[in-house]
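Work through the following exercises with the sequence and the structure at hand. Attempt each task before reading its solution.

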Amino acid sequence: MILIAKIQMMRLKTLSLLLALAAFTGLAAKDPVKPASLTTMSFNIRYGTADDGTNSWFYRAGAVIAMIEDQKPDIIGMQEVLYEQMALLKDYVSYKCIGVGREDGKKGGEHMCIFYNPKTVKVVKWGTYWLSETPDKPTLGWDAACKRTATWALIKHKESGKLFYFVNTHLDHVGVEARKNGLSLILDRIGTMNKEGHPLILSGDFNVTPDDATLDPLRGVLRSARDWAFKTDDGITYNAWGHKEHESVIDHIFVTGFSSCPVFEVVRKPYEDHKYISDHHPVKATLIF
């Protein structure tokens, strides 16, 4: 009797172990919850009326279109976009676009465009302001050589339902005070508009390198995707059409409110036999909510 009882007990333990193993295996077989990710890009496309010889917009427009369709970011902050360039891109890429001209708030001059994939994200609201003492109307700020703007948008990530802000800008290439004060204005506006603390992306051509003091006010508020990314890329972003003496790192993506940044990349891939699709390489970051 004692032997039979022991055998039955062993069978019960074996059955319990098999059931536990089956349950564990069943759980492991299920797909783990995939974190919601967002791919963002900053890209100075070089204004379309520049006389750049065989690098002029007429010759490389197709290469820019090919890059966008190949890389497929969810959202792109573009700089130096003239209205004609914006209209052409909208006709040939599967993206929508927001932004206004810096000269008149309509079609005049360069646009700080935000192109976005309507399949993956939805723009809830957006606007543009000028980096000047009078930001709500087209004006030149401080010691700037050009009118400068920032375009912002509150955006919904369709897969996760999460909201985030995107801000795209181009700081002045001449005015030191304009860069400093323009960035201060952007940070003030971010603080005012993002009371809820949504994740936020600030992209653009800042016309300063990562170690420049102009960026100091950002460091305690936002993270550089280049520095934060698990897999990063320390390559130059301003390629100057191959004139190495002018190469620099001046295009940036700064973020806050995301849980991680797996990859930051400088996109150097040639398209349609163009080694350079602009005098700036696009920069791209993958972000996890």
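The exercises below concern a predicted model.

**Exercise 1. Overall description**

Task: State how many helices and strands the chain has, and what percentage of its residues count as buried.

Solution: Begin with the secondary structure: the chain contains 6 helices and 12 strands. Turn next to burial: 51% of the 289 residues count as buried. Finally, consider the surface, where carbon and sulfur atoms hold 57% of an accessible area of about 14,500 Å².

**Exercise 2. The pair H2 and H3**

Task: Determine how the axes of helix H2 and helix H3 are oriented towards each other, and which residues meet.

Solution: Two packed helices are described by the angle and the distance between their axes. Here, the axes of H2 (residues 57-71) and H3 (residues 83-92) come within 10 Å and cross at roughly 45°. H2 is therefore oblique to H3. The crossing of H2 with H3 is right-handed. From H2, the residues Trp 57, Ala 61, Val 64, Ile 65 and Glu 69 take part, and they meet Gln 85, Leu 88, Leu 89 and Tyr 92 of H3. Sorted by character, the residues of this contact comprise 7 nonpolar, 1 polar and 1 charged.

**Exercise 3. The surroundings of Thr 149**

Task: Decide whether Thr 149 is buried or exposed.

Solution: Locate Thr 149 in strand S6, which spans residues 149-157. Its relative accessibility is 1%. Buried means under 20%, so Thr 149 counts as buried. Leaving aside residues up to four places away in sequence, Thr 149 touches several others, among them Arg 102, Met 112, Trp 130 and His 170.

Conventions
Residues are numbered from 1 along each chain as its sequence is written. This is a predicted model: local features need pLDDT of at least 70, side-chain atom pairs count only at pLDDT 80 or more; totals for chains, interfaces and linings use all residues. Side-chain values use heavy atoms; hydrogens and water are left out. Axes are lines fitted to C-alpha atoms, for helices over the stretch in contact, and angles run from 0 to 180 degrees between N-to-C directions. Helices (H or I, at least four residues) and strands (E, at least two) are DSSP runs, numbered from the N terminus. Angles under 35 degrees count as roughly parallel, over 145 as roughly antiparallel, 65 to 115 as roughly perpendicular and the rest as oblique. A crossing is left-handed if the near helix is turned anticlockwise from the far one by less than a right angle, and right-handed if clockwise. Contact means heavy atoms within 4.5 Å. Ala, Val, Leu, Ile, Met, Phe, Trp, Tyr, Cys and Pro count as nonpolar, Asp, Glu, Lys and Arg as charged, and the others, Gly among them, as polar. Buried means under 20% relative accessible area, exposed over 50%, partly exposed in between (1.4 Å probe, protein chains only). Accessible areas come from the Shrake-Rupley method with a 1.4 Å probe; for residues, only the protein chains shown count as cover.
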